[in-house]
Each structure stands twice: as C-alpha cells, then as structure tokens.
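The following exercises concern the structure displayed below. Each task is followed by a solution in steps.

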Amino acid sequence: MDERVLITGGAGFIGLQLAKALVAQGAQVTLVDNFSRGRNDQDLQEILHKVTLVELDLTQPIPENALRNDYTHIYHMAAVVGVHVSNQRPEFVLRTNVLATINVLDWCSRRNPVPLCFASTSEVYAGSVQLGLALCQLPRAFHWPSPILVFHATRIYPARSWGSNSV
Ligand SMILES: NC(=O)c1ccc[n+]([C@@H]2O[C@H](COP(=O)([O-])OP(=O)(O)OC[C@H]3O[C@@H](n4cnc5c(N)ncnc54)[C@H](O)[C@@H]3O)[C@@H](O)[C@H]2O)c1
C-alpha cells in the first residue's frame, strides 16, 4: 500500500485505532496531537516505532515545515469531544474545534488537494433512536449550549463554509 496518511487527533480513541489499522495495511502514518486528551500510553507506545508523531496544538496555524507535503489522505479527528465538556465549556469546545478545523483546511489549501475525512460527532448518536439502534432520548429542542448544537456548529459548519467537495 503506497499511502501516506495524516491523522489529526491521532493519540485519541478513534485516531489511534485508525492508525493501527492503516499501519497494519502498510501505510505510512503521521499522527498529530496536542495530548490534551490523548495519552502517550501503552497503546500509543506499541505503534510509535511505526508512525511519525508530531505534537502540535491545532488551534494555532500549522508551521510550514512541521509535516510532510505528500499525504495521500487526511483524517481530521482532533477535537474536544463529549457532552459534559460541551455543556460546561461550550466556548472552549467551539473555539478549539473551529480553529483546529480552520487551521487544517488552511494548511491543506496550500497543497495539492487530497481526500480529507472530517469526523462527525458521537453527540448525534441520539438520532439513532429513530432507527431503533439506541435507547437514549433525543433532545426535545436545541438550546444554547446544547451539546448537539455546539458540535454541529464546530464540526459541520466549517466544512460547508469551505465548500470543499473532498470533505
Ligand atoms: N468516539 C465516538 O464514538 C465518535 C463517534 C462519532 C464521531 N466521533 C468524532 O471523531 C473524532 C475523534 O473522536 P475520539 O472519540 O477519538 O475523541 P478523543 O478525545 O479520543 O480524540 C480527540 C483527540 O484530539 C486531540 N486534540 C484535542 N484538541 C486538540 C488540539 N487543539 N490540537 C491537537 N490535537 C487536539 C486530543 O488530545 C485527542 O487525542 C471527534 O471529532 C468526534 O466527535 C467520535
């Protein structure tokens, strides 16, 4: 497999599992994380010799030479996630997720276009109630700072604003 993959939030739950799967398929993988939530634990240590790890805070612009320029795929998983933090610190969630996405898209816009996978949010799981897949209740109304509203704003709006057809 001749794939060179960038995973933001690569020390997190999904990013690390994705990295393991891609490494097992022979991809060259770069993980970016600021370790605000992801941990340099046993799980990460097990693949560290097979990946490149770059510690960056994505709320800041990505330095020009921090990453390679020839990725074939990008997975943007870096985010502040969770109902609790969205309820308690909505401004922090909005600020972090919007800035991180803007900085990743800005960095991409200065390079050849490649497919970018932009994660949605587990906060929309309640929609699966209608499908009979989950037991939790849907919120009756969106209110500020409803976790769903905060997350929709941070994870969906930026992608639409950029109008990218590869997101
Ligand atoms: N876990 C789920 O069930 C689920 C379901 C659907 C969608 N998602 C989405 O997938 C993405 C990843 O979710 P996860 O469960 O792996 O979360 P996670 O918290 O385990 O991973 C997110 C990673 O992003 C990193 N991060 C946070 N702020 C950063 C910053 N400023 N700069 C660099 N890195 C930063 C954290 O340190 C963490 O390692 C999120 O967008 C989430 O909404 C998750």
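**Exercise 1. Determine whether Leu18 is buried or exposed, and describe its surroundings.**

Step 1. Leu18 is buried, because 21 other C-beta atoms lie within 10 Å. The criterion is that a residue is buried if 20 or more other C-beta atoms lie within 10 Å of its own, exposed if 12 or fewer, and partly exposed in between, with C-beta atoms placed from the backbone. The model is a predicted one, in which local features need pLDDT of at least 70 and side-chain atom pairs count only at pLDDT 80 or more, while totals for chains, interfaces and linings use all residues. Residue numbers start from 1 along each chain as its sequence is written.

Step 2. Leu18 belongs to helix α1. Helices (H or I, at least four residues) and strands (E, at least two) are DSSP runs, numbered from the N terminus.

Step 3. Apart from neighbours within four places in sequence, Leu18 is in contact with Ile7 and Tyr75; contact requires C-beta atoms, placed from the backbone, within 7 Å. The C-alpha atoms of Leu18 and Ile7 are 8.3 Å apart, with a sequence separation of 11 residues.

**Exercise 2. State the strand order of the open sheet and identify what stands at its edges.**

Step 1. The five strands follow the order β3-β2-β1-β4-β5, with parallel pairing. Two strands pair if DSSP finds at least two bridges between them.

Step 2. β3 and β5 are the edge strands; each has a single partner strand, so one side of each is left without a neighbour in the sheet.

Step 3. From one strand to the next, the twist averages 15 degrees. Axes are lines fitted to C-alpha atoms, for helices over the stretch in contact, and angles run from 0 to 180 degrees between N-to-C directions.

Step 4. Strand β1 (residues 4–8) pairs with strand β4 (residues 73–76) over four bridges, and Thr8 stands opposite His76. β4 in turn pairs with strand β5 (residues 116–118) over three bridges, where Phe118 is the bridge partner of His76.

Step 5. α1 lies across β1, β2, β3 and β4, and runs at about 170 degrees to β2.

**Exercise 3. Describe the largest nonpolar core.**

Step 1. A nonpolar core is a set of buried Ala, Val, Leu, Ile, Met, Phe, Trp, Tyr and Cys residues joined through C-beta atoms within 7 Å. The largest core has 30 residues, of which Val5, Ile7, Ala19, Val29 and Leu31 touch the most other members.

Step 2. The elements giving two or more residues to this core are β1, α1, β2 (28–33), β4, α4 and β5. α4 provides the largest share, five residues.

Step 3. Beyond four places in sequence, the contacts of Val5 include Leu22, Val29 and Tyr75.

**Exercise 4. Characterise Glu55: is this residue buried or exposed?**

Step 1. Glu55 is exposed, because it has 12 C-beta neighbours inside 10 Å. Its place is in strand β3 (residues 51–55).

Step 2. Not counting residues up to four places away in sequence, Glu55 touches Asp33, Asn34 and Phe35. The C-alpha atoms of Glu55 and Asp33 are separated by 5.2 Å, although the two residues are 22 apart along the chain.

Terms used: Contact = placed C-beta atoms within 7 Å.
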